[in-house]
Every structure is written in C-alpha cells, then in structure tokens.
Amino acid sequence: MLRIALVDDEDLVRSALASLLSLNEELTVVAEYSSGEEAIEAMDGVDVAILDLQLGGINGIETAKELIARGAAGATMILTSHARPGYLKKALEAGVRGFLPKNAQADDLVGAITDIHAGKRAIDPTLAADTIAAGDSPLTARESDVLELAALGLPVHDIAVRANLADGTVRNYLSNIQIKLGARSKHEAAEIARRHGWIG
C-alpha cells in the first residue's frame, strides 16, 4: 500500500482528495498539511507527496524541492488549477515527477501516483504539448523579478526599493521586458508572462 501525503491550503479540496484516494485499496493518505512550511517541518517517509502549486506561503514547487532534498517523500507531484508551461518547467527542474491539473480524472490521478512511485513521469499531455510550443522564457531572472513586482501594481519607485535597484534601472528593465514580449504596457507584459507561466 502506497503512503500518500497531501499539501493544499484549501481544507475542502484537501479533504475531498483524501476521500477520493481512500477509495483505492492500494493507497492510504497518512498525512495532510495546509502549508508548505508545515509539510517541510513534519513530513517524513511517505511514498508520494501531492502538492498544490499555489500555497499561502512557500509554493508547491519550492516545497517539493525541499522535501526531495530531505528525502521526506519518495516522489512528488503537483496537482493544480494553474497548469501552465512555465510552472511545469520549474517543477521538473526541481525534481517533481508528476504534474496534473485539478480537473484530471480520478483514474488518471491514481495511475499517475503509481507511475511516479515506480520512477516514471506523469505529465498532463496537453500541458506537455503547450510547454513545448511555448518555449523558454525570454526574460532573465532579474527581469522576471521586476515584472512580478510590476504585476502587483506597484509604481516604479516601490519596485526599485523592493528589488534594491535604481528607479532608472527599473524603467530600463520594464522597457526591455515589453520589447521582448511584444507588449504595449507593463500590465500587458505581465499578462503575457502569466499566461505562459513565466511569472507567478
């Protein structure tokens, strides 16, 4: 019997998933966590950890990366409503083996759990195709950070303070970002980057 841990900050979703998985005689949910921090602190020795991408604090990908590094879970999977190419790439780079949307069929989810426990990958095929089509982000890590802050609606000076940059440097970054993404404004650039999963 595979020992499963669930990490999701939505209690109803987490409980429903636990109930669904308990219907399978080969799976048992042994732990549930409402945050990445809680999971990192307490999780130990499960076969598969299933994590939501968007958690209240540290996100699912960073949580999975830490759990893998600690050997707290044999395999990790992201189950999310935000299935985008950029997130999939980051998850795979972190060592996550499974990535499925929350609207996946129950049989597909159970099959994915079994596959990743056996050392295989389990990726939603539509997302995999979209990821290949989307290509890599044209933004540098610093540009992505600036655009993340701009997406919050912050003025240039506030972005500069939070990113530890000069106002003029932030303006240059935003201008370069718009050119790279073919956007007419920083808001449109943020939407394009979010749609591809290049920023959160």
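**Helix packing around α10**

Trainee: Are α7 and α10 roughly perpendicular or roughly parallel to each other?
Mentor: In this predicted model, helix α7 (residues 141-151) packs with helix α10 (residues 186-195) at an angle of about 115°, and their axes lie 9 Å apart. Angles of 65 to 115 degrees count as roughly perpendicular. The two helices, α7 and α10, are therefore roughly perpendicular.

Trainee: How do the residues of the contact of α7 with α10 divide into nonpolar, polar and charged?
Mentor: The crossing of these two helices, α7 and α10, is left-handed. On the α7 side the contact is made by Leu147, Ala150 and Ala151, while α10 contributes Lys186, Ala189, Ala190, Ala193 and Arg194. Sorted by class, the residues of this contact between α7 and α10 come to six nonpolar, no polar and two charged.

Trainee: Are α9 and α10 oblique or roughly perpendicular to each other?
Mentor: Helix α9 covers residues 167-181, and its axis comes within 9 Å of that of α10, the two crossing at roughly 55°. Angles under 35 degrees would count as roughly parallel and those from 65 to 115 as roughly perpendicular, whereas values between these ranges are oblique. The orientation of α9 and α10 is therefore oblique.

Trainee: Which residues of α10 make the contact with α9?
Mentor: The crossing in which α9 passes α10 is left-handed. From α9 the participants are Leu174, Ile177, Gln178 and Leu181, and they meet, on the α10 side, Lys186, Ala189, Ile192 and Ala193.

Trainee: How many nonpolar, polar and charged residues has the contact of α9 with α10?
Mentor: The contact is built from Leu174, Ile177, Gln178 and Leu181 of α9 together with Lys186, Ala189, Ile192 and Ala193 of α10. Counted by class, these residues of α9 and α10 are six nonpolar, one polar and one charged.

Trainee: Within what arc do the buried residues of α10 fall, seen down its axis?
Mentor: The buried residues in α10 are Lys186, Ala189, Ala190, Ile192 and Ala193. Their cover includes α7 and α9. Viewed down the axis of α10, the buried residues line one face of the helix, because they fall within an arc of 165°.

Trainee: Which residue follows α10 with a positive phi?
Mentor: Helix α10 consists of residues 186-195. The residue that follows α10 with a positive phi, near 75°, is Gly197.

Trainee: What is the relative accessible area of Ala160?
Mentor: Ala160 sits in helix α8, residues 156-163, and, apart from its neighbours within four places in sequence, is in contact with Leu165, Ala166, Asp167 and Val170. A residue counts as buried under 20% relative accessible area. Ala160 is buried, and its relative accessible area is 2%.

Trainee: Is Asp124 buried or exposed?
Mentor: Asp124 belongs to the loop between β6 (122-123) and α6 (125-134), and outside its neighbours within four places in sequence its contacts are Phe99, Leu100 and Pro101. The cut-off for a buried residue is a relative accessible area under 20%. With a relative accessible area of 18%, Asp124 is therefore buried.

Trainee: What share of the residues in the protein is buried?
Mentor: The protein has 10 helices and six strands, and its C-alpha trace spans about 60 × 35 × 30 Å along the principal axes. Of contacts between residues at least 6 apart in sequence, 62% join residues at least 24 apart. Among the 200 residues in the protein, the buried share is 42%.

Technical notes:
Residues are numbered from 1 along each chain as its sequence is written. This is a predicted model: local features need pLDDT of at least 70, side-chain atom pairs count only at pLDDT 80 or more; totals for chains, interfaces and linings use all residues. Side-chain values use heavy atoms; hydrogens and water are left out. Axes are lines fitted to C-alpha atoms, for helices over the stretch in contact, and angles run from 0 to 180 degrees between N-to-C directions. Helices (H or I, at least four residues) and strands (E, at least two) are DSSP runs, numbered from the N terminus. Angles under 35 degrees count as roughly parallel, over 145 as roughly antiparallel, 65 to 115 as roughly perpendicular and the rest as oblique. A crossing is left-handed if the near helix is turned anticlockwise from the far one by less than a right angle, and right-handed if clockwise. Contact means heavy atoms within 4.5 Å. Ala, Val, Leu, Ile, Met, Phe, Trp, Tyr, Cys and Pro count as nonpolar, Asp, Glu, Lys and Arg as charged, and the others, Gly among them, as polar. Buried means under 20% relative accessible area, exposed over 50%, partly exposed in between (1.4 Å probe, protein chains only). The arc is that of the directions from the helix axis to the C-beta atoms.
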